[in-house]
Amino acid sequence: MQATNDLMKKIVSLSKRLGFVYQSGEIHGGLQAAWDYGPLGVELKKNITELWWHEMVRSRGDVVGVDTAIITHTDVWRSSGHLKNFHDPLVDCKKCHSRFRADHVEGSVCPNCGGELTEPRNFGLMFKTFMGPLEDEGSIVYLRPETCQPIFAQFQNIVTSTRRSLPFGIAQTGKAFRNEITVRNFIFRSREFEQMEMEYFVHPDQMDKWYKYWVQKRLDWYTDVLGIKKENLRLRPHEEKELAHYAAGCTDIEYRFPFAGGDGYGELEGIASRTDYDLTAQMEGSGKDLKILDKETGKKITPYVIETSGGVGRTFLMVLLDAYREEEIEGKTRVVLGLSKKLAPVKAAILPLSKKLSEQAREVEDLLRPHWPVLFDVTGSIGKRYRRNDEIGTPYCITFDFDSLEDRKVTIRDRDSLEQIRIEIDRLVEVMSRLMTSDMALGDWERQE
Ligand code: GAP
């Protein structure tokens, strides 16, 4: 456990030093559980959400996307039951005033000081604010605690404008806010976070089939698209007693995070079979008909829904943890972020061997920049520049040397195999295009050419 906690410390420190994640408001002492993504972090985060969007929306004909408001009509949350039920039971220590979730402590004794704990009280998890100039009861609104509920509230509009019939899905990525009582483990649990959610509407008879389909499909995304190591992931079906009263089944995709308690796994995403609970709740709350025509029977039915609900921050943290490695080379430690090419924030670094070659090497940058995020780095020894790029996960370093002036060739170095090939500048875009879509090591790729 010691070693794994060390890994977490390294990731937190690397995140700040290299510009992946900073604490929000750090110069003022820091705002707890709010995080700012830096220049590399924002690229990595966008890559995650864009890969998800491609997988879940653009590459399929049966899922459409939406982008709904964060400040949501209060009746959406009244109908869904959040206003009444979305809270945690809390206990306070009468002696040291520490606060705990009631289900996280045993008995009525404070785990910090041994003092007596209060009776549990409910603590609302939704962030409340006021809409408009008056701060009264009538102007209270809430920041959404999940991105899916506005999907149910917009169901009728989306069906009408897209002329959908079952089965089909509606997806959304975006911010969600929860006034969590305990926040810890860096970006794993925060009060402002981002979700990637998809609601797949099916005929009730088809629920089991689609539930199994989405559990497998979502697990495959982590391994096949993001390149996460299989042995660090697992599926955890919920036990009967864990299920919400409306849920027919729920399976979590979990990652072996270094900090998680118990058996060491923490939740990344939940796939839930939610029956017709949400649509029925929004129908009852609004008085509007959200039923849909079942083409087979010609009758109107309330579809069942399978939900896939994942967190961007948790995926981001997992990606960094899974990719981090240290290697000993000639007595020196090389730190590598072995990110998949699709995830890497920078795809190639252009490194002139000497400052004197900067102007000519810019030609290489100009060639590549329209196609990929690249970086031009001229400061420090070439070895240092290689190391810097290994640490941020850049798959390829392209060196422009004095010979390049004569033969118009550059050297491409592979981050993982450390192999190098020399290639004509005029072929660079074509070669990079093929490398970016191939899993092969640079040497194998060259031999195959
Ligand atoms: N619509 C269902 C729903 O929101 P959830 O299990 O509460 O389900 C789904 O949340 C996912 O959102 C989680 O698996 C996790 O990845 C992410 N998530 C939830 N609360 C979070 C928090 N406080 N900080 C970071 N991510 C969170």
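This passage describes the overall make-up of a predicted protein model, its ligand site, its salt bridges and a nonpolar surface patch.

The protein comprises 449 residues, of which 51% count as buried. Its secondary structure consists of 14 helices and 24 strands, and its C-alpha atoms fill a box of roughly 75 × 65 × 50 Å when the dimensions are taken along the principal axes.

The ligand is surrounded by 18 residues, and the closest of these are E146, R178, E180, E197 and E267. By residue class, the shell around the ligand divides into nine charged, five polar and four nonpolar residues. Three strands, namely β11 (192-202), β14 (266-273) and β17 (304-311), each supply at least two residues of this shell, and the greatest contribution comes from β17, which gives four residues. Several polar contacts involve nitrogen atoms of the ligand. For E146, a polar side-chain atom lies 2.8 Å from a ligand nitrogen atom, and for E307 the corresponding distance from a polar side-chain atom to a nitrogen atom of the ligand is 3.2 Å. In the case of F188, it is a polar backbone atom that is found 3.5 Å from a nitrogen atom of the ligand. On its own the ligand has 560 Å² of accessible area, and the protein covers 88% of that area.

Ionic pairing between side chains was examined next. The count of salt bridges comes to 41. One of them joins the side chains of R101 and D103, with an N to O distance of 2.8 Å. Another links E327 to R334, the closest N and O atoms of the pair being 3.0 Å apart. The two partners of this second bridge fall into separate accessibility classes: R334, with a relative accessible area of 1%, is buried because it lies under the 20% limit, whereas E327, at 21%, is partly exposed because its value lies between the limits of 20% and 50%.

A further salt bridge is formed by the side chains of R422 and D407, at 3.3 Å from N to O. Since R422 belongs to strand β24 (residues 420-424) and D407 to helix α12 (residues 402-407), the pair ties together parts that are 15 residues apart in sequence. Both ends of this bridge are partly exposed, R422 with a relative accessibility of 29% and D407 with a relative accessible area of 34%. Beyond individual pairs, salt bridges that share partners join R325, E327, R334, R387, D390, R413, R415 and D416 into one network; the bridge between E327 and R334 described above thus has both of its residues among the members of this network.

On the surface, I70, I71 and M131 form a nonpolar patch, and together these three residues have about 240 Å² of accessible area. Within the patch, M131 is located in the loop between β8 (128-130) and β9 (140-143). The relative accessibility of M131 is 48%, so this residue counts as partly exposed, given that the exposed class begins over 50%.

Notes. Residues are numbered from 1 along each chain as its sequence is written. This is a predicted model: local features need pLDDT of at least 70, side-chain atom pairs count only at pLDDT 80 or more; totals for chains, interfaces and linings use all residues. Side-chain values use heavy atoms; hydrogens and water are left out. Patches are made of residues with over 30% relative accessible area and no salt bridge: like charges are joined within 9 Å, nonpolar side chains (Val, Leu, Ile, Met, Phe, Trp, Tyr) within 5 Å. Accessible areas come from the Shrake-Rupley method with a 1.4 Å probe; for residues, only the protein chains shown count as cover. A salt bridge is a side-chain nitrogen of Lys or Arg within 4 Å of a carboxyl oxygen of Asp or Glu. Buried means under 20% relative accessible area, exposed over 50%, partly exposed in between (1.4 Å probe, protein chains only). A residue is near a molecule or strand if one of its heavy atoms lies within 4 Å of it. A polar contact is a pair of N or O atoms within 3.5 Å; within protein, one must be able to donate a hydrogen and the other to accept it, and residues adjacent in sequence count only if both atoms are side-chain atoms. Ala, Val, Leu, Ile, Met, Phe, Trp, Tyr, Cys and Pro count as nonpolar, Asp, Glu, Lys and Arg as charged, and the others, Gly among them, as polar.
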